[in-house]
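Biologist: Please take a close look at how the chain is divided into domains, and at what lies between them.

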Amino acid sequence: MGISPSMHAMVLEAVGKPLIYRTVPVPDPAANQVLVKILACGVCRTDLHITEGELTRPELPLIPGHEVIGIVVRRGEQAVRLKVGDLVGIPWMGYTCGTCRYCLSDRENLCENAIFTGYTMNGGYAEYMVAFEPFCIPLPPLFQDLSKASLLCAGLIGYRAYRMIGDGAENIGFYGFGAAAQILIQIARHQHKNIYAFTRDGDLEAQDFARKLGASWAGGSTQKAPLKLDASIIFASPGYLVPKALEDVDKGGVVICGGIHMSDIPSFPYDILWEERSIRSIANLTRKDATAFLGISAEVNINTQTRFYPLEQANSALADLKNGKFQGAAVLVMDQ
Ligand SMILES: [Zn+2]
Ligand SMILES: [Zn+2]
């Protein structure tokens, strides 16, 4: 396959400014990397936190994007596990060192020397990218359906959050009903669990969307849950949702913060944490999470409502995500 020396990419040159459609050189893979021709890249809320500056360490100029479906087209000399032509996914976790105390204790998601796709290395808002071979996820053929791109972050990290609530939880709250919630509710329903969906107040479309996917109840995020919940996962970023979610969980209940960024959490009375309620955050993912998620997604036929955008309309996709203009997920699709 001929690979042209240049490609189109959407580039973040300054935080707070729109991405710019540029022609840039196709990168060369290092010895332990592969060059991937990108078919599609999902648009994640984290990309908004990067472009708007809430995450403060982007490697500028930066090509964002960390929900990549692509095909291996070239390999570095040590990259011998994958073959040219393999369908792979490239997630947020782009590299871990394997030698720090977190890596050595099976917690590579907390690696001291991690490199993050589309944040501290270039990502998938482009026609090609290089990726570290051990962190590329070989994908089953169902990922030829490019609407599945959002499974690679919303699905993977969402599922890590979901597993943290424990098997015993039956009545589960989701705060924010977007790309992650639409995937997890399908897994939760498959496991006969009941989902209570909290959306932006007054967002009746999102509430209808949640009910359509099997939510037992849907309402605004400031509404009280109709019963005491066993656990809640917060996908949305307003910090005030943390005490709100705590108030609605039962004794021993857990509140998981699934996003990479939240606004400040207001102070709250100890009473709402008392009785062994807990709050925890989820950071990144491990390769084991990816394996676990691909296992469950082979079992549950997960459908994702998706709005597709061409690469050069990435700014519109980000704006629509920010303004809640679509249900489900947004995915950029490259010209083939
Ligand atoms: Zn993401
Ligand atoms: Zn490490």
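Modeller: The division comes first, then the contact and the core.
This is a predicted model, in which local features need pLDDT of at least 70, side-chain atom pairs count only at pLDDT 80 or more, and totals for chains, interfaces and linings use all residues. Residues are numbered from 1 along each chain as its sequence is written, and chains are lettered from A and ligands numbered from 1 in the order in which they are written.
The protein chain splits into domain 1 (6-150 + 305-333) and domain 2 (156-281), with bounds from an automatic or database domain assignment. Taken over C-alpha atoms, the centres of domain 1 and domain 2 are 27 Å apart. Domain 1 gives 12 residues to the contact and domain 2 gives 11 residues, where contact is defined by C-beta atoms, placed from the backbone, within 7 Å. On the side of domain 1 that touches domain 2, the largest share, three residues, belongs to helix α1 (residues 45-51); helices are DSSP runs (H or I, at least four residues), numbered from the N terminus.
The largest nonpolar core has 107 residues, and those with the most contacts inside it are Val36, Tyr125, Phe174, Leu184, Ala197 and Ile234. At least three residues of this core come from each of domain 1 and domain 2. A nonpolar core joins buried Ala, Val, Leu, Ile, Met, Phe, Trp, Tyr and Cys residues through C-beta atoms within 7 Å, and buried means 20 or more other C-beta atoms within 10 Å of the residue's own, placed from the backbone. Neighbours within four places in sequence aside, Leu184 contacts Gly158, Tyr159, Tyr162 and Phe174.

Methods:
A residue is buried if 20 or more other C-beta atoms lie within 10 Å of its own, exposed if 12 or fewer, and partly exposed in between; C-beta atoms are placed from the backbone. Two residues are in contact if their C-beta atoms, placed from the backbone, lie within 7 Å. Helices (H or I, at least four residues) and strands (E, at least two) are DSSP runs, numbered from the N terminus.
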